[in-house]
Amino acid sequence: MTEATFTVHPSPVGDVLLVTTAAGLVSMHVLHGSERDVDEQLAALTVLLHTVPGRDDSDADDVRRQLDEYFEHRRTAFDLTLDWRLVRGFSRDALEAVCRIPYAQTAGYGEVAVTAGIPRAARAVGNACARTPFSIVVPVHRVVRADGSIGGYGGRAEVKRYLLEHERAAGE
């Protein structure tokens, strides 16, 4: 059984649930504002990780520091060890391709599919982005629809819009 720990960290887009294992950051999600959301996320991760994450506010110090630096416009890329165990196959290829989208720029789902090696897999890229366990640090907010509209972000389009505007503002 893998041990995992969690903490909740404040950010300009809301509290962020950070879950780490000995292998690295395994999950990072912007919460929807309730304690129930934390409980639901942790319950789902307990099943996926086969362990109950325990609260430890110090295990994710590096993640919290880098997240704060990102929101303070002092970081344009994350340098974190990611525990990819919750992502398999093409989804991982797609998310790794997303990591190559430059800060403050966007790419279409189809463009990411080409970069990930399967040009006709735009819909699969969308699914990978929607299910990413690594919100913000794997910048799925930089993936947009072919017509340039921002598309979804786990039902929180306002968070995606904020992240895109935040990055664009850093370059001005």
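Select Leu17 and His29. His29, in S3, is the bridge partner of Leu17. This is a predicted model, so read each stop as a computed one.

**Along the S2–S3 ladder**

Stay on S3 and select Ser27 next. Ser27 is the bridge partner of Val19. Then go to Gly24, the S3 partner of Thr21. Now show both strands in full. S2 and S3 run antiparallel, and six bridges join them. They form a hairpin, with two residues between the strands.

Select S3 alone and turn on the surface. Six of its seven residues are buried, so the rest of the structure largely encloses S3.

**The turn at Ala22**

Select Ala22. Ala22 sits in the loop between S2, residues 16-21, and S3. Is Ala22 buried or exposed? Ala22 is exposed, because its relative accessible area is 87%, and the cut-off for exposed is over 50%.

Add Gly152 and draw a line between the two C-alpha atoms. The line spans 32 Å. Along the chain, Ala22 and Gly152 are 130 residues apart.

**Strand S2, both faces**

Select S2 and show its side chains. In a regular strand the side chains alternate between the two faces of the sheet. Val16, Leu18 and Thr20 point one way from S2. Leu17, Val19 and Thr21 point the other way. How many of the six residues of S2 are buried? Six of six are, and the strand is mostly covered.

**Across to S1**

Select S1, residues 4-9, together with S2. Strands of a sheet pair through backbone hydrogen bonds, either parallel or antiparallel. S1 and S2 pair in the antiparallel sense over six bridges. Pick Phe6 to see one link in this pairing: its bridge partner in S2 is Val19. Val19 is also the bridge partner of Ser27 in S3.

Move to the connection between S1 and S2. This hairpin has six residues between the strands. Select Gly14 there and check its backbone. Gly14 takes a positive phi near 120°.

**The whole sheet**

Select S1, S2, S3 and S4. The four strands form an open sheet, in the order S3-S2-S1-S4. The pairing is mixed. Which strands are at the edges? They are S3 and S4, residues 54-55, and each pairs on one side only.

**The largest pocket**

Turn on the pockets. Rolling a probe the size of a water molecule over the atoms shows where empty space is left. The largest pocket has a volume of about 520 Å³. Its lining has 25 residues, and the closest to the pocket centre are His29, Cys129, Ala130, Arg131 and Thr132. His29 is the residue from the opening stop, the partner of Leu17.

Colour the lining by element. These elements give two or more residues each:

- strand S3, residues 24-30
- helix H1, residues 35-49
- helix H5, residues 122-130
- helix H6, residues 157-170

Which of them gives the most? H1 does, with four residues. Now colour by class. The lining has 13 nonpolar, nine polar and three charged residues.

**The second largest pocket**

Move to the second largest pocket. About 210 Å³ of space lies there. Select its lining in four steps:

- Thr76, Ala77, Phe78, Leu80 and Leu82, among the lining residues
- Cys99, Ile101 and Pro102, also among them
- Ile136 and Val137, also among them
- Pro139 and Arg142, also among them

By class, this lining has 10 nonpolar, one polar and one charged residues.

**Two cysteines to finish**

Select Cys99, from the lining of the second largest pocket, and Cys129, from the centre of the largest. Why is there no bond between their sulfur atoms? The sulfur of Cys129 is 10 Å from that of Cys99, its closest cysteine sulfur, and this is too far for a bond. The cut-off for a disulfide is within 2.5 Å. The structure's count comes to zero disulfides.

Compare their surroundings. Cys99 counts as partly exposed because its relative accessibility is 37%. Cys129 has a relative accessibility of 10%, so Cys129 counts as buried. The cut-off for buried is under 20%.

Methods: Residues numbered from 1 in each chain as written. Predicted model: local features only at pLDDT ≥ 70, side-chain atom pairs only at ≥ 80, totals over all residues. Heavy atoms only, no water. 1 Å grid on protein atoms, 1.4 Å probe; cavity = no way out; pocket = protein on both sides within 12 Å on 5 of 7 lines; lining within 4 Å. Points joined across faces, edges and corners; volume = space filled by probe spheres on them. Nonpolar A, V, L, I, M, F, W, Y, C, P; charged D, E, K, R; others polar. Buried < 20%, exposed > 50% of the residue type's maximum accessible area, 1.4 Å probe, protein only. Pairing = 2+ DSSP bridges.
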